[in-house]
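Biologist: I'm new to reading protein models, and I'd love a close look at a single part of this one. Could you walk me through it slowly?

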Amino acid sequence: MDDFHFPKQKAIHTWFIFLVIWIISVALIIFFFKYEKKSTYFGQVVLDNDYYLKVIVEKDNISNISNNIKINNQKKNCITYKVSNELIDNNYQKYFEVYYKCNLTEVEKQQQYIFNISISQGTTTFYKKIIEIIKKGIQ
């Protein structure tokens with residue numbers, strides 16, 4: 001009778017080992033795999049004595065702005081020129097206007113030209129991202 005149950009127990013043992021290996025693999029990826037954290041915005045060229053790139057950033061992300069900018073997937077040398085006072089929309093969401101001084105081409109300097117802007121915020125891990133989401137949800 002004991003030989004009859006042995007293959008079933010071995011199958012359970014095999015699945016248990018597979019599950020443990022899978023959990024360890026996922027944990028290693030969550031804690032140690034690093035990726036580049038980016039925020040994507042729309043930007044517009046404005047003229048104020050010179051050409052600047054205006055980007056509207058949510059209040060939660062204002063601390064993450066940097067000069068590592070890609071405009072339409074092309075890396076640009078930009079400097080943060082100024083940050084406006086807090087703006088509030090109809091839904092009481094808070095925003096800031098961030099102005100960047102960039103080396104723009106003549107085509108890009110056209111007024112009302114809209115850009116896809118990607119701002120790099122350094123590298124992070126999935127663990128840090130999960131903790132950030134949890135903290136944001138608690139507040």
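**A hairpin and its surroundings**

Modeller: Happy to! Let's begin at the hairpin of β1 and β2, where three residues sit between the strands and Asn-49 takes a positive phi near 70°. Keep in mind that this is a predicted model.

Now look at how the two strands of the hairpin are held side by side. β1 and β2 run antiparallel, and five bridges join them. β2 itself covers residues 51-58. For a place to rest your eye, find Gln-44, which stands opposite Lys-54 in β2.

Stay with Lys-54 for a moment, and turn to another strand. In β6, the bridge partner of Lys-54 is Tyr-99. So much for one residue; what about the strands? β6 spans residues 94-102, and it pairs with β2 in the antiparallel sense over six bridges. β2 therefore has β1 as a partner through five bridges, and β6 as a partner through six.

Next, follow β1 (34-47) to the largest pocket, because β1 supplies at least two residues of its lining. The helix α2 (126-138) also supplies at least two, and in fact α2 gives the most, with four residues. The space in this pocket is about 330 Å³. Its lining is made of 13 residues, and those nearest the centre are Asp-60, Asn-61, Asn-64, Glu-132 and Lys-136. Which classes do the lining residues belong to? Eight are charged, five are polar, and none is nonpolar.

Conventions. Residues numbered from 1 in each chain as written. Predicted model: local features only at pLDDT ≥ 70, side-chain atom pairs only at ≥ 80, totals over all residues. Heavy atoms only, no water. 1 Å grid on protein atoms, 1.4 Å probe; cavity = no way out; pocket = protein on both sides within 12 Å on 5 of 7 lines; lining within 4 Å. Points joined across faces, edges and corners; volume = space filled by probe spheres on them. Nonpolar A, V, L, I, M, F, W, Y, C, P; charged D, E, K, R; others polar.
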